[in-house]
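Student: Could you take a close look at a single part of this predicted model and then set that part in the context of the whole chain?

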Amino acid sequence: MSWVLEGFGLYGHEGTMAALLEDGSEIPYAEAGPREATRVRAVCSCGWRDVEDHPAVPGDLRATEGRGSDDTPHAAWEAHAAGVLLESLSELDEAVRTVDWYLDRLADSRPMVTLAAASRLEAMIQRVLPRAAARARMQDATWEDIGRVMGRSRQAAHQRLRKYTA
Ligand SMILES: [Zn+2]
């Protein structure tokens, strides 16, 4: 029993539950007997721990973790994972700005370095654009939506990406 957010660093984010014992200590829920695990707390492999705990449903893992319901260990971990994602999006934005800043300044003074870096970026774009475009369409993004995030018109986005989407 665990909840996983893929692709975030060495240890990633794997959520699970800890059972809170009478004496205030915690053990993994999976190791607790049904009578021991009366209260549980969501925890994550990154070290995050929920500040609140929740009642356990004796002997019922599914009901205890409460996927799909509010105010459950699973919901608490999902909120943690959403925060992680949001943080990484702002890191991505920052990284793109940094690359932009460097290449803009190096294009004249260090053209060979710029060519090498830009060529790698181009290969990266060729690799990720088709995947992202196809996925966005599968998730019902309109060409209007796609154009907006790409800073282009609906028509321009469609023209650029339609070959990648069904
Ligand atoms: Zn985590």
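Tutor: Strand β2, which covers residues 13-20, is largely enclosed by the rest of the structure, because 6 of its 8 residues are buried, and a residue counts as buried here if 20 or more other C-beta atoms lie within 10 Å of its own. As the model is a predicted one, what follows describes computed geometry.

The partners of β2 can be taken one by one. Strand β1, residues 3-5, runs antiparallel to β2 and is joined to it by 3 bridges; within this pairing, Trp3 stands opposite Gly15 of β2. Strand β3, residues 26-28, is likewise joined to β2 by 3 bridges in an antiparallel arrangement, and here Ala18 is the residue that faces Pro28 of β3. Between β2 and β3 lies a hairpin connection of 5 residues, in which Gly24 adopts a positive phi near 90°. With strand β4, residues 39-44, β2 forms 6 bridges, again in the antiparallel sense, and Ala19 has Val40 of β4 as its bridge partner.

The segment before β1 also reaches this strand, since that is where Ser2 is placed, and Ser2, once its neighbours within four places in sequence are left aside, is in contact with Glu14, Gly15 and Thr16. Ser2 itself is nevertheless exposed, because 12 other C-beta atoms lie within 10 Å of its own, and 12 or fewer is the limit for that class.

From Ser2 one can also look across to the helical part of the chain: Leu103 is 101 residues away in sequence, and the C-alpha atoms of Ser2 and Leu103 are 42 Å apart in space. Leu103 belongs to the contact between two helices, in which Leu103, Leu106 and Ala107 of α2 meet Pro111, Val113, Thr114, Ala117 and Ala118 of α3. By class, the residues of this contact comprise 7 nonpolar and 1 polar, with no charged residue. The axes of α2, residues 73-109, and α3, residues 111-138, come within 6 Å and cross at roughly 140°, and the two helices are therefore oblique to each other.

Further along the chain, helix α4, residues 143-150, and helix α5, residues 154-161, have axes that come within 8 Å and cross at roughly 95°, so that α4 and α5 are roughly perpendicular to each other. On the α4 side this contact is made by Trp143, Glu144, Ile146, Gly147 and Met150, and on the α5 side by Arg154, Ala156, Ala157, His158 and Leu161; these residues of the contact of α4 with α5 divide into 6 nonpolar, 2 polar and 2 charged.

Set against the whole protein, the strand occupies a place in a chain of 5 helices and 5 strands, which follow one another in the pattern β-β-β-β-β-α-α-α-α-α. The radius of gyration is 23 Å, whereas a compact globule of 166 residues would have one near 15 Å, and the C-alpha atoms fill a box of roughly 70 × 40 × 20 Å along the principal axes. Buried residues make up 17% of the 166 residues, which is the background to the 6 buried residues among the 8 of β2. Of the contacts in the protein with a separation of 6 or more, 39% are between residues 24 or more positions apart.

Technical notes. Residues are numbered from 1 along each chain as its sequence is written. This is a predicted model: local features need pLDDT of at least 70, side-chain atom pairs count only at pLDDT 80 or more; totals for chains, interfaces and linings use all residues. Helices (H or I, at least four residues) and strands (E, at least two) are DSSP runs, numbered from the N terminus. The radius of gyration is taken over C-alpha atoms; the globule rule is 2.2 Å times the number of residues to the power 0.38. Two residues are in contact if their C-beta atoms, placed from the backbone, lie within 7 Å. Two strands pair if DSSP finds at least two bridges between them. Axes are lines fitted to C-alpha atoms, for helices over the stretch in contact, and angles run from 0 to 180 degrees between N-to-C directions. Angles under 35 degrees count as roughly parallel, over 145 as roughly antiparallel, 65 to 115 as roughly perpendicular and the rest as oblique. Ala, Val, Leu, Ile, Met, Phe, Trp, Tyr, Cys and Pro count as nonpolar, Asp, Glu, Lys and Arg as charged, and the others, Gly among them, as polar.
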